[in-house]
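Here is a friendly walk through one protein model, written for someone who likes to check the coordinates alongside the text. Have your viewer ready.

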Amino acid sequence: MDVKIEAGWKQVLQPEFDKDYFKELTEFVRSEYQSKTIYPPASQIFNAFDLCPFENTKVVILGQDPYHGPNQAHGLCFSVNRGIKMPPSLVNIYKELHTDVGIDIPDHGNLEHWAKQGVLLLNATLTVVAHNAGSHQKQGWEQFTDAVIKTVADQSENVVFVLWGAYAQKKAQLIDSNKHLVLKSVHPSPLSAHRGFFGTKHFSKANEYLVANGKEAIGW
């Protein structure tokens with residue numbers, strides 16, 4: 001089927017788009033948008049891919065579900081639109097970023113500048129019903145995003161995969177750690193960040209690996 005997504009991703013993911021489960025998922029999502037308030041806006045479902053073309057992807061950060069409050073989600077995991085209060089997990093990500101590489105903590109939670117440098121900010125589920133966390137899980141999105149992870153892992157070299165939390169860490173089985181760098185820790189949420197997220201130095205480790213493999217570092 002014809003999916004509006006960045007050309008490089010469209011080419012490598014076309015086999016998924018043609019599968020029955022994805023057609024069923026598309027029908028489900030379409031009907032949900034027609035009858036309920038769904039986030040992110042329909043035009044931003046594939047925002048992570050459109051801002052980070054396949055051939056530019058150097059880092060993959062995996063989230064689980066889009067934010068389900070008004071004007072928060074815009075298709076990038078952990079990121080919120082400018083002018084929206086920063087969610088607690090993102091606050092902790094910024095704290096670790098500041099400690100790790102010395103960057104001043106921004107006054108906004110929009111991570112598009114990461115995406116444009118080759119960071120795929122991928123949620124496992126790409127849509128959600130307003131105020132109902134996890135409401136679009138187990139409808140087919142996870143099968144699709146697993147295929148995305150596997151496609152990057154199989155068809156690219158020396159990519160950094162950042163897996164925060166137990167859910168994300170399960171995706172390590174899709175990735176050959178001999179040809180990529182896999183960084184794991186507990187989730188940055190306030191419930192777990194103090195149990196091993198702070199002090200991981202994942203941002204500097206990612207950049208060291210990229211540079212060592214002839215790629216440009218990310219300007220976090």
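## Aromatic pairs

This predicted model holds 19 aromatic pairs. One of them joins W9 and F49, whose ring centres are 5.0 Å apart with 90° between the planes, an edge-to-face arrangement. The two rings come from distant parts of the chain: W9 sits in helix α1 (residues 7-17) and F49 in helix α3 (residues 47-51), 40 residues apart. W9 counts as buried, since its relative accessibility is 0%, and F49 is buried at 0% relative accessibility too.

A second pair to look at is W114 with W220. Their ring centres lie 4.8 Å apart and their planes meet at 85°, so this pair is edge-to-face. Here the link spans 106 residues, from W114 in helix α5 (residues 112-115) to W220 in the segment after α8 (202-212). W114 has a relative accessible area of 1% and is therefore buried; W220, at 8%, is buried because the cut-off is under 20%.

Which residues do ring pairs link into a cluster? The members are W9, F17, Y21, F22, F46, F49, F54, W141 and F144. Both partners of the W9 and F49 pair therefore appear in a wider network of rings, which you can trace in the viewer by following those nine names.

## Cysteines

How many disulfides does the model contain? The count is zero. For C52, the nearest cysteine sulfur belongs to C77 and is 11 Å away, so C52 is in no disulfide, given that a disulfide needs sulfur atoms within 2.5 Å. Seen from the other side, C77 is in no disulfide either, with the sulfur of C52 as its nearest at 11 Å.

Are these cysteines buried or exposed? C52 counts as buried because its relative accessibility is 0%. C77 is likewise buried, with a relative accessible area of 0%.

## Overall architecture

Stepping back to the whole chain, the secondary structure comprises eight helices and six strands. Along the sequence they follow the order α-α-β-α-β-α-α-β-β-α-β-α-β-α. The radius of gyration is 17 Å, close to the 17 Å that the globule rule gives for 220 residues, so the protein is as compact as a globular protein of that length. If you want to set up a view, the C-alpha atoms fill a box of roughly 45 × 35 × 25 Å along the principal axes.

Of the 220 residues, 55% count as buried. Among contacts with a separation of 6 or more, 64% are between residues 24 or more positions apart. The accessible surface comes to about 10200 Å², and carbon and sulfur atoms contribute 50% of it.

## Strand β2 and its neighbours

Strand β2 (residues 59-63) is mostly covered, with five of its five residues buried. In a regular strand, side chains alternate between the two faces of the sheet. In β2, V59, I61 and G63 point one way, while V60 and L62 point the other way, and all are buried.

Which strands does β2 pair with? One partner is strand β3 (residues 119-123), joined to β2 in the parallel sense over five bridges. Within that pairing, G63 has N123 of β3 as its bridge partner. Another partner is strand β5 (residues 160-164), which runs parallel to β2 and is joined to it by four bridges. There, V60 has F161 of β5 as its bridge partner.

Technical notes
Residues numbered from 1 in each chain as written. Predicted model: local features only at pLDDT ≥ 70, side-chain atom pairs only at ≥ 80, totals over all residues. Heavy atoms only, no water. Buried < 20%, exposed > 50% of the residue type's maximum accessible area, 1.4 Å probe, protein only. Phe/Tyr/Trp six-rings, centres within 6.5 Å; stacked < 30°, edge-to-face > 60°. Helix = DSSP H or I, 4+ residues; strand = E, 2+ residues; numbered from the N terminus. Rg over C-alpha atoms; globule rule 2.2 N^0.38 Å. Contact = heavy atoms within 4.5 Å. Areas by Shrake-Rupley, 256 points an atom, 1.4 Å probe, with all protein chains shown as cover. Pairing = 2+ DSSP bridges.
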